[in-house]
Amino acid sequence: APASSPATETPLSSGDNGSDATPSQSSSPLSAEQTPAKAGDEVSSSAESCGPAAPGQATLENRVADRSNELIELDLQDSVFLANLRGCTVVCRNALRTSASLTACEGCVIVVAAQQLRIHHCRGCRVYVRCPTTPIIENCQEMGFGPHPGHLPPAGQPFALHVSDFNWLRAEPSPNWSLLPSPNW
């Protein structure tokens, strides 16, 4: 039997004008135009080797970097490191045992369940999350957070999440992140 790849990527449609596509602002984290690659499809590697790894460290299998306008589905168990993504939709199919880290991502949609979520230098991303600890953002702007699709709040109850913004230590709410309104999740 062929070995399965931990990451499956599918380029997003860029339209007729050849410009870069951006994720749909639909109510679902995945839009109709973003369909995952299927078994047998040609899939390019999305990972970079980081050398020997200690627990929770980036490895060839759990690091996705330098991608644009792709649907990336991950079958990881422990952790994920996402870096330098533009206009991508990333779906972690399994709940991660440890952490998810996003660095320098822009205009992405991220669906993740993890024990810890750290986000650095990101802008304009929508994150659908389930995390028992407080997610942390640093040097981020225009971040939106909603519930993980597998863990929506009961009907009629709002989604509640606190995000720690390390660049906003005032009592007022941070202008760098917000909860997504329910039609967006």
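**Exercise 1. The open sheet**

Task: In this predicted model, determine which strands form the open sheet, in what order they stand, and which of them are at its edges.

Solution: Begin with the pairing, which in this sheet is parallel and joins six strands in the order E2-E4-E6-E8-E10-E12. Next, look for the strands that have a single partner: these are strand E2 (63-68) and strand E12 (164-165), so each of them has one side left without a neighbour in the sheet. Then take one pairing from the interior of the order, that of strand E6 (residues 99-103) with strand E8 (residues 116-120), which run parallel and are linked by five bridges. Within this pairing, Leu-102 faces Ile-119 of E8 as its opposite residue.

To place the sheet in the whole chain, note that the protein chain has 13 strands and zero helices. Of its 185 residues, 43% are buried, and among contacts between residues at least 6 apart in sequence, 33% join residues at least 24 apart.

**Exercise 2. The surroundings of strand E7**

Task: Establish why strand E7 (residues 109-113) can be described as largely enclosed by the rest of the structure, and identify the strands with which E7 pairs.

Solution: First consider burial residue by residue, taking under 20% relative accessible area as the cut-off. Five of the five residues of E7 are buried, so the strand is largely enclosed by the rest of the structure. Second, separate the two faces: Val-109, Val-111 and Ala-113 lie on one side, Ile-110 and Val-112 lie on the other, and all of these residues are buried, with both faces covered.

Third, turn to the partners. Strand E5 (residues 89-92) runs parallel to E7 and is joined to it by three bridges, with Thr-89 opposite Val-109. Strand E9 (residues 126-130) also pairs with E7 in the parallel sense, here over five bridges, and Val-112 is found opposite Val-129 of E9.

**Exercise 3. The nonpolar cores**

Task: Describe the largest nonpolar core, state which elements contribute to it, and examine the contacts of Leu-82.

Solution: Start with the extent of the core, which has 33 residues, and with the residues that make the most contacts inside it, namely Leu-74, Leu-82, Val-112, Leu-117, Ile-119, Met-143 and Phe-145. Two or more residues are given to this core by each of strand E3 (70-74), strand E4 (80-86), E5, E6, E7, E8, E9 and E11. The largest share, three residues, is that of E4.

Then follow Leu-82 outward: leaving out residues up to four places away in sequence, Leu-82 touches Val-64, Leu-74, Val-90, Ser-101, Leu-102, Thr-103, Cys-105 and Ile-110. Finally, note that another core, of six residues, lies apart from the largest one and includes Leu-71, Val-91, Tyr-128 and Leu-180.

**Exercise 4. Ile-137 and the aromatic pair**

Task: Find which residues Ile-137 contacts beyond its sequence neighbours, and characterise the aromatic pair of the structure.

Solution: Locate Ile-137 in strand E10, where its relative accessibility of 0% places it among the buried residues. Setting aside neighbours within four places in sequence, its contacts are Ile-119, Phe-145, Val-163, Ser-164, Asp-165, Phe-166, Asn-176 and Trp-177. For Asn-176, a separation of 39 residues in sequence corresponds to a C-alpha to C-alpha distance of 8.7 Å.

The structure contains one aromatic pair. Phe-145 and Trp-177 form this pair with an edge-to-face geometry, their centres 5.9 Å apart and their planes at 85°. Phe-145 belongs to strand E11 (residues 143-147) and Trp-177 to strand E13 (residues 177-179), so the pair ties together parts that are 32 residues apart in sequence. Both Phe-145 and Trp-177 are buried.

**Exercise 5. Positive phi outside glycine**

Task: Compare the settings of Asp-66 and Glu-142, which each have a positive phi of about 55°.

Solution: The background is that most residues other than glycine have a negative phi. Asp-66, with its phi of about 55°, is not a glycine, and its place is in strand E2. Glu-142 is likewise not a glycine, but its place is in the loop between strand E10 (136-138) and E11. As the last step, compare exposure: Asp-66 is partly exposed, at a relative accessible area of 48%, whereas Glu-142 is exposed, at 51%.

Terms used. Residues are numbered from 1 along each chain as its sequence is written. This is a predicted model: local features need pLDDT of at least 70, side-chain atom pairs count only at pLDDT 80 or more; totals for chains, interfaces and linings use all residues. Side-chain values use heavy atoms; hydrogens and water are left out. Buried means under 20% relative accessible area, exposed over 50%, partly exposed in between (1.4 Å probe, protein chains only). Helices (H or I, at least four residues) and strands (E, at least two) are DSSP runs, numbered from the N terminus. Two strands pair if DSSP finds at least two bridges between them. Contact means heavy atoms within 4.5 Å. Rings of Phe, Tyr and Trp (its six-membered ring) pair if their centres lie within 6.5 Å; planes under 30 degrees apart count as stacked, over 60 as edge-to-face and the rest as tilted. A nonpolar core is a set of buried Ala, Val, Leu, Ile, Met, Phe, Trp, Tyr and Cys residues joined through side-chain atoms within 4.5 Å.
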